[in-house]
Amino acid sequence: MIYPWQTDDWQRLQQLRSHWPHALLLHGQAGIGKLHFAQHLAKGLLCESPQANGEPCGSCAACHWFAQGNHPDYRIVVPEALAGEVGQAAEEEARAEKAEGEEGKKSRAPSKEIRIEQVRALLDFAGVGSHRGGLRVVVLYPAEALNVAAANALLKTLEEPPAGVVFLVVSARIDRLLPTIISRCRQWPMGTPAPEAATAWLAQQGVDEAPALLAEAGGAPLAALALAHDENRTLRDWTLAQLAAGPACDAFACGETLQKLPVPLVLGWLQRWAYDLLAERTAGRPRYFPQAASALARCAAKLDAAALARYMKTVTRQRAVENHPLNARLVFEELFLGYRELFA
Ligand SMILES: [Zn+2]
């Protein structure tokens with residue numbers, strides 16, 4: 001099943017069914033369920049007795065194989081680092097790893113990129129005929145993870161699409177895609193759900209404080225759900241309390257306490273807090289941490305707007321290199337010291 005806020009997209013897409021585009025680019029904010037939607041769409045396209053609204057029947061051989069993750073006419077391509085999140089890819093990655101040899105396997109962390117070997121394997125798949133006489137479907141997620149070589153290889157296929165192959169390209173950052181790839185796809189923007197629908201769904205999942213978490217997740221329900229189950233939530237709240245202390249923020253305690261956390265996670269908190277300070281000053285209303293509105297207002301009143309803008313640039317610069325090995329403690333100390341100086 002798709003998420004309740006996706007039914008409109010589903011129905012509108014079914015109107016394309018008679019002349020389905022060979023490549024569909026599903027794009028929108030992270031955490032709204034685009035991958036899940038694409039997978040369900042793939043299942044519907046492969047189903048051998050779909051319902052009138054395009055829903056997969058759930059009981060034919062194709063639906064059965066799909067659910068098992070071994071439909072012969074389906075491929076999902078994700079970075080190795082995400083392989084655990086999608087059953088079928090894990091198996092393929094294991095094969096690719098084996099081909100690369102044990103040596104390579106030991107020496108490197110799971111790739112966050114979609115590599116050219118993966119796209120080449122896809123082209124082999126696209127080059128042979130359908131096993132079941134129907135469409136063949138490829139889900140590619142997230143497209144912004146394609147490295148340059150892989151993107152160029154994919155582009156060649158999109159320029160001369162093999163008959164009967166449908167690409168479902170999923171992206172949260174189309175600004176990072178090659179314009180030539182975008183132009184070869186039918187674009188399908190997926191909106192962030194209305195807060196009421198998202199909050200209702202979160203409540204069904206047993207999430208307390210759904211509105212606050214939804215705000216922090218920028219309105220994306222799956223991201224809010226992940227926050228609710230975030231094992232680092234206590235540290236997150238501790239960090240927000242440090243930030244709320246403004247000039248009394250203990251930068252060295254932050255470095256010490258947060259050093260074991262992933263750098264991107266902490267930078268994300270800082271970035272959203274800084275954004276909210278700015279929002280508080282300009283619009284009088286925070287976006288991500290409405291529950292901390294009074295602390296934000298107190299801090300925002302004391303700092304210099306130009307210095308804050310410079311500080312936000314510093315955090316953004318750090319985000320650009322966040323995946324490189326850094327001394328997390330030093331990075332955090334420096335950033336929290338910088339934060340404290342905003343109030344000097
Ligand atoms: Zn079926």
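Colleague: What makes the chain's pLDDT worth quoting, and how many residues score at least 70?
Modeller: The chain averages a pLDDT (the predictor's confidence in each residue, from 0 to 100) of 90, and 93% of the residues score at least 70. This is a predicted model, where local features need pLDDT of at least 70, side-chain atom pairs count only at pLDDT 80 or more, and totals for chains, interfaces and linings use all residues. Residues are numbered from 1 along each chain as its sequence is written, and side-chain values use heavy atoms, with hydrogens and water left out.

Colleague: Why are α14 and α15 called roughly perpendicular?
Modeller: Helix α14 (residues 263-282) packs against helix α15 (residues 293-302) at about 75°. Angles of 65 to 115 degrees count as roughly perpendicular, and those over 145 as roughly antiparallel, so α14 and α15 are roughly perpendicular to each other. Their axes, lines fitted to C-alpha atoms over the stretch in contact, lie 9 Å apart.

Colleague: How do you know which residues of α14 meet α15?
Modeller: Contact means heavy atoms within 4.5 Å. On the α14 side these residues are W273, D276, L277, E280 and R281; their partners in α15 include A293, L296 and C299.

Colleague: And why are α12 and α13 called roughly antiparallel?
Modeller: Helix α12 (residues 233-244) and helix α13 (residues 251-258) pack at about 170°, with axes 11 Å apart. Therefore α12 and α13 are roughly antiparallel to each other. L235, W238, T239 and Q242 of α12 make the contact with A253, C254, T257 and L258 of α13.

Methods:
Axes are lines fitted to C-alpha atoms, for helices over the stretch in contact, and angles run from 0 to 180 degrees between N-to-C directions. Helices (H or I, at least four residues) and strands (E, at least two) are DSSP runs, numbered from the N terminus. Angles under 35 degrees count as roughly parallel, over 145 as roughly antiparallel, 65 to 115 as roughly perpendicular and the rest as oblique.
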